[in-house]
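Here are a few notes from my read-through, as numbered points you can follow with the model open next to you. Have a look first, then we can go through it piece by piece.

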Amino acid sequence: MSHADLTVLINTMDEQQVESLLELFANEELTVSRPPRTGLVMLTVKDCFETDFHLGEVLVTEARVVFRGCEGYGMIPGEAPRRALARAAADAVLRCSEPTGIQKDLRAFLEREEAIRETRLAEEAALVAATKVNFDLMPGA
């Protein structure tokens, strides 16, 4: 799972699942090296001519967590300190090269959540597809 995928997944979990994710780390030696704090970052996008366009500033929450010498970083849009901590902790655990039991549990948890997310997205796509309209053109138009 890429870093971007991990951020999207944690950002789309409901609050209860974020708390369940944090409970996974309850018995692990995690050190919060930078507590969650909010800030503003410039959102830059490319326009249709491949030119950078600064859309504006976006509120984010970031945190840093250390697990067995591996630092993890989490940045989540909006004011979401628990999500930023969960993101940073998951990043630290997944970055650790030393195999641990928590890595297996974390990967299993993330795979379950990804399956739930994909099911939800498929249901939403089916609802949108039901509203699709086909327009027939009049002959000669």
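1. Let's start with how the helix and the sheet meet. Helix 3 lies across strand 1, strand 2 and strand 3, and its direction is at about 145 degrees to that of strand 3. Keep in mind throughout that this is a predicted model.

2. Now the sheet itself. Three strands make an open sheet in the order 1-2-3, with antiparallel pairing. Strand 1 (30-46) and strand 3 are the edge strands, each pairing on one side only. On average, neighbouring strands are turned by 25 degrees against each other, direction ignored.

3. Strand 2 (residues 52-67) and strand 3 are worth tracing by hand. Eight bridges hold the pair in the antiparallel sense. Two of the partnerships are easy to find: V60 is bridged to P77 in strand 3, and R64 is bridged to Y73 in strand 3. Two residues sit between the strands in this hairpin, where R68 has a positive phi near 50 degrees.

4. Which residues of strand 3 (residues 70-77) are on the covered face, and which on the uncovered one? C70, G72, G74 and I76 are on the covered face, while E71, Y73, M75 and P77 make up the uncovered one. The pattern fits the general rule: in a regular strand, side chains alternate between the two faces of the sheet. Both Y73 and P77, the bridge partners from point 3, are on the uncovered face.

5. Back to helix 3 (residues 81-95). I checked its length: at 1.5 Å a residue, its 15 residues should span 21 Å, and the end C-alpha atoms are indeed 21 Å apart, so the two agree.

6. Why call helix 3 largely enclosed by the rest of the structure? Because 11 of its 15 residues are buried, taking buried as under 20% relative accessible area. The buried set is R83, A84, L85, A86, R87, A88, A89, A90, D91, A92 and V93. Note that R83, R87 and D91 are among them.

7. One of those buried residues, R83, has a partner in another helix. Its side chain makes a polar contact with the side chain of E15, at 3.1 Å. E15 belongs to helix 2 (residues 15-24). If you also want a longer-range check on E15, its C-alpha atom is 19 Å from that of D105, a residue 90 positions away along the chain.

How values were computed:
Residues are numbered from 1 along each chain as its sequence is written. This is a predicted model: local features need pLDDT of at least 70, side-chain atom pairs count only at pLDDT 80 or more; totals for chains, interfaces and linings use all residues. Side-chain values use heavy atoms; hydrogens and water are left out. Helices (H or I, at least four residues) and strands (E, at least two) are DSSP runs, numbered from the N terminus. The expected span of a helix is 1.5 Å times one less than its number of residues. Buried means under 20% relative accessible area, exposed over 50%, partly exposed in between (1.4 Å probe, protein chains only). A polar contact is a pair of N or O atoms within 3.5 Å; within protein, one must be able to donate a hydrogen and the other to accept it, and residues adjacent in sequence count only if both atoms are side-chain atoms. Two strands pair if DSSP finds at least two bridges between them. Axes are lines fitted to C-alpha atoms, for helices over the stretch in contact, and angles run from 0 to 180 degrees between N-to-C directions. Contact means heavy atoms within 4.5 Å.
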